[in-house]
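Reader: I would like a close look at the side chains in this model. Which of them pair up, and where do they sit?

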Amino acid sequence: MSPFGALRGQLLDAAKTFADAPSDLAGILAGLVDDVDRALREELEIFPVCHHSPASALAMARRLREKQPKVIYLELCEDMRPLLDELRNCRLPVALQAFGSELDGFPAGWGPLSVVAPITEASAEYQAIAYALDTPDVEIVLVDRSSDHVFQWLPQEEPARPEEDAEDREEAALHGDAVGVEIGDLRPRFAELEAHLLHHGKVRHWSEWWDQYVEQPLSGADYDTYRQVMVLIGSLFRRLRPAGDERTASDEDRERYMWTRMREHLAASGADPAQCLYVCGAFHAASRVEQFGLASDAPPFDISPRTATRWQYGLIPSSQSAIEAQFGLASGSVSIAAATWNKALTRGGVQPFKLDRQKEGRRRKRALTPVAQAQVTDRLSGFLAKPPALDGLDEAELLGWCVDIVRLARRNGYLASTADAIAVFETSILLAGLRNRGRPTPYDFQDAAVTCIEKDTVPGRRDVRRLCEILLGGDRIGQVGYEALPPLARDVFDRLEPLGLDLSKRTLQRALLNLDAQPELVPCSRLLWMLHYLLPEGALKPIMGSRRLGERSVQESWDLWIGRHQREIIELGYEGVSVEQVLEQRLRRTVWDSQATAAVALRAVEDAILFLGGRRVADELGARAVELLAAERTVDDAPEVLRRIRRLLAHYRATEPALPAWCEAFVTVGYAQYCTLLPTAFVDEDTGGRQVAAMLGFLFSMESFALALGCDHTQLELAVRQSHPEAPAKVALLWAAQSQLGLLPMAELRSRCDELLANPLVVPSFPLYIGGFVQALEPVPAMTAFVVETMSKAFARLPDPVLLPWLPKLITTLRDQAPELVPVLIREAGRTFPAGLAAVDSWVPPWSAPALPKAPAVAAVAAGPVTGLLTAHPAACDAVAALLGCDAGWQVAAPAADSAAGHGETAALLARHPGTPDAVAELLGLAG
């Protein structure tokens, strides 16, 4: 006979009396009793818990001291078992983490994968872990799915990531974007049920309802009552969930997984089920899967193998606010739970289990007397039939809260007084009465404080609700101890020890480094720059000093917040054993990424030189940059490519006896690549003028080097001749390139610009031509004087409706796209325009000054070897004259006799000093 027969009859009678459809309600109510009966009759004792519940932790501490189990099965990812031994070196709360960055078997867009399981002191799972690790001959076995299976069972379309709330505090980001795993998720999955409970319970959120109607009544309950009530709640939420719930299949698979693992362990170890304890969420305690129970004849659950993803494991710091943000709990609920736990320990005299801070393997022997499991009796009927005993008003506690909150409020800028403390006290009692509570809870106190003290605006950084959370326990933040850190994190703390700072503190610290006076701090500086590159913004901030090619800081100043970013440093340890190794791996992944470009690779080369030193990594990354440049079909990154390759070439020429082979290959490949893409870039509407200017800058500035390496100048000339742009800015760039190559004389270029200014149809677009000429200063710096001349003519001749709207655009263009060209234009303008205001009125622009009269032509030029050479090959002189704008024409060479007569002084000089010609003749072997 079931001990719950009477309760079943009462519930069925109630269903017939009150329900419109007795069959449905009767089935639900009878099912609740059956679930409780089934869980309590199981040979393997099931301990139902709720995550971060003080009532569960108290019941666990009592039960462990009574039963003294030899094996504890815990609902937690089975691959996290090695991390439990390191909890003794940490300050709770912390989170167990599994981290996977090298994915194999999952979509590439999911990486990196991260699973966290927070552990707090006021939790049943911590009591079980502490008991098992500090008690001899006790084994703890984690039986839930592995971290790999957590992601295997997710939908393959997209990964499960927690939604980020911009209003979350900074501490709430301690878990990053990890997937949270909680032990004992107990919350209604039927939205209407939760809304009904909150409405009739006169509370604002689920955490407050749970505290009032479950935590407080069960804190002082005996073990049997606690166990039966928790299974009943789990069964209720399990049965009242919407049909087609997405989590149903996953939950049932987890239950099959856990029961399969427990059976396997019992069969392998031969443990007595009577000396074992199964700790799981109350939701899973009411499971109805076929594998439930040791007496089940169902076949074992088919567990799929893990993927080849490489998982790393470690502990990361957590906080109460991070747990609340991770699992959608009300703000301050975990802090209130911790305060409730401490108060219950003091009031109830329960001795909790705590991990000793000592080396692993040394366990204290506890003098415990095991108690056999008692016969199951019906405790539910009594618990449900009478209201819980209400605690009386603790005036001393409430008065202390009211006085302290006023003190905190005044410190944070609120104009609070003793009258506010009285108002908070009376309002707390009033709210508790309205909500059918015998004494004000922390939630009532919070609401009363906000009502009486909060103003329209928050005067400081914290509002009254946050001050209440601080008062009731604050946001406790955990810390991973040095011994529990991965090797990389310990190496970081060891190498930064010469700074003389306690980097474990979460406060902001300032480090001052005088690298000349203290050369032993140079390795610290190098490590800080690498961490600044690897860690997120805010962990380290350089206040003074820089690290660039060709520069060396004498003094540096750093703001360090390493203790606050302990999680990020720990996750670096999952990628390698040293910071240098992690940096090298990240640089390699960057340049071999499918979206990598030549500019990205050049930046990686520069970073490798700055942080790693040596040539091995930089040469490998540089060779990859050559491959990427040869494969590119766009020129969007041409400005960055030009800037970085120039800087790298200057660095190697200043520090190395010879350029690396990849630099020479990059110049030759880039010369050929940009010559090929130049005609297309000129006509492509998606390619801007800055990109074309950068291409021309690469071709013209690297031409001499490229020609020395075997490139052909004809290729560049053909590319320019084949370019036929239509956009005004690109036309101006083409004209500048033609001028640089000698295909367009300066006089003709000046004439074309004057024609554009004289054409009223083209005047509105003339500023675009000027923009192109400004961009042309990058590849053709010799055009600076011409650009100043053209801009001056535009300012003088353009009408105001065209000029005035264009000026702001010109300024923004120069600032955003060509800031390095502004000083060049200013210097040229300073040489062109008068220095004083008085000279402006009489100043005549050089391009407007009348032409100087030509010097009278010399009738004849003396004949000689040079004259003969030039007249025999006039093409070279014609090209130079056209480039310089000289059109005087050729002069006539004098006859040989006249030439000899014109050199009488030279003949007389040689006659007076015959020794010199004779010595030269002898040296050259000339006789006679």
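Author: Start with three words: a residue is buried when its relative accessible area is under 20%, exposed when it is over 50%, and partly exposed in between (1.4 Å probe, protein chains only). The areas themselves come from the Shrake-Rupley method with a 1.4 Å probe, and for residues only the protein chains shown count as cover.

The model is predicted: local features need pLDDT of at least 70, side-chain atom pairs count only at pLDDT 80 or more, and totals for chains, interfaces and linings use all residues. Residues are numbered from 1 along each chain as its sequence is written, and side-chain values use heavy atoms, with hydrogens and water left out.

Aromatic rings come first. Rings of Phe, Tyr and Trp (its six-membered ring) pair if their centres lie within 6.5 Å; planes under 30 degrees apart are stacked, over 60 edge-to-face, and the rest tilted. Under this rule there are 21 aromatic pairs. One of them joins Phe 99 to Tyr 574, a tilted pair with 5.3 Å from centre to centre and 35° between the planes. Phe 99 belongs to strand E4, while Tyr 574 is in the loop between helix H20 (566-573) and helix H21 (579-591), and the pair links distant parts of the chain, 475 residues apart. The names of helices (H or I, at least four residues) and strands (E, at least two) refer to DSSP runs, numbered from the N terminus. Phe 99 is buried, at 6% relative accessibility, and Tyr 574 is buried as well, with a relative accessible area of 3%.

Another ring pair is made by Phe 795 and Trp 806: their centres are 6.1 Å apart and their planes stand at 50°, so this pair is tilted. Phe 795 is in helix H32 (residues 784-797) and Trp 806 in helix H33 (residues 800-817), 11 residues apart. Their cover can be given one by one: Phe 795 is partly exposed at 37%, whereas Trp 806 is buried at 9%. Elsewhere, Trp 735, Phe 766, Tyr 769, Phe 773 and Phe 786 form one aromatic cluster.

Next come the charged side chains. Side chains of opposite charge can pair when their charged atoms come close. A salt bridge here is a side-chain nitrogen of Lys or Arg within 4 Å of a carboxyl oxygen of Asp or Glu. Over the whole structure, 47 salt bridges are found.

Among them is the bridge between Arg 647 and Glu 606, at 3.2 Å from N to O. Arg 647 lies in helix H24 (residues 638-655) and Glu 606 in helix H22 (residues 598-612), so the bridge ties together parts that are 41 residues apart in sequence. Arg 647 is partly exposed, with 30% relative accessibility; Glu 606 is buried, with 8%.

The bridge between Arg 831 and Glu 828 stays inside one helix. Its closest N and O atoms are 2.5 Å apart. Both residues are in helix H34 (residues 822-832), and because they are 3 residues apart there, about one helical turn separates them. Arg 831 counts as exposed at 60%, but Glu 828 is buried at 12%.

Asp 85 and Arg 81 also form a salt bridge, with 3.5 Å between the closest N and O atoms. Asp 85 is buried, at 14% relative accessibility, while Arg 81 is partly exposed, at 24%. Salt bridges can also join up: Arg 750, Asp 754, Glu 789, Lys 793 and Arg 797 are linked in a network of them.

Some side chains gather in surface patches instead. Patches are made of residues with over 30% relative accessible area and no salt bridge, like charges being joined within 9 Å and nonpolar side chains (Val, Leu, Ile, Met, Phe, Trp, Tyr) within 5 Å. Asp 636, Glu 685, Asp 686 and Glu 726 form a patch of negative charge on the surface. Asp and Glu count as negative, Lys and Arg as positive; His and the chain ends are not counted. Each charge is placed at NZ of Lys, CZ of Arg, CG of Asp or CD of Glu. Asp 686 sits in the loop between helix H25 (661-683) and helix H26 (689-701) and is exposed, at 70%.

A nonpolar surface patch of about 450 Å² is built from Val 920, Leu 923, Leu 924 and Leu 926. Leu 926 is in the segment after helix H39 (915-924), and with a relative accessible area of 56% Leu 926 is exposed.
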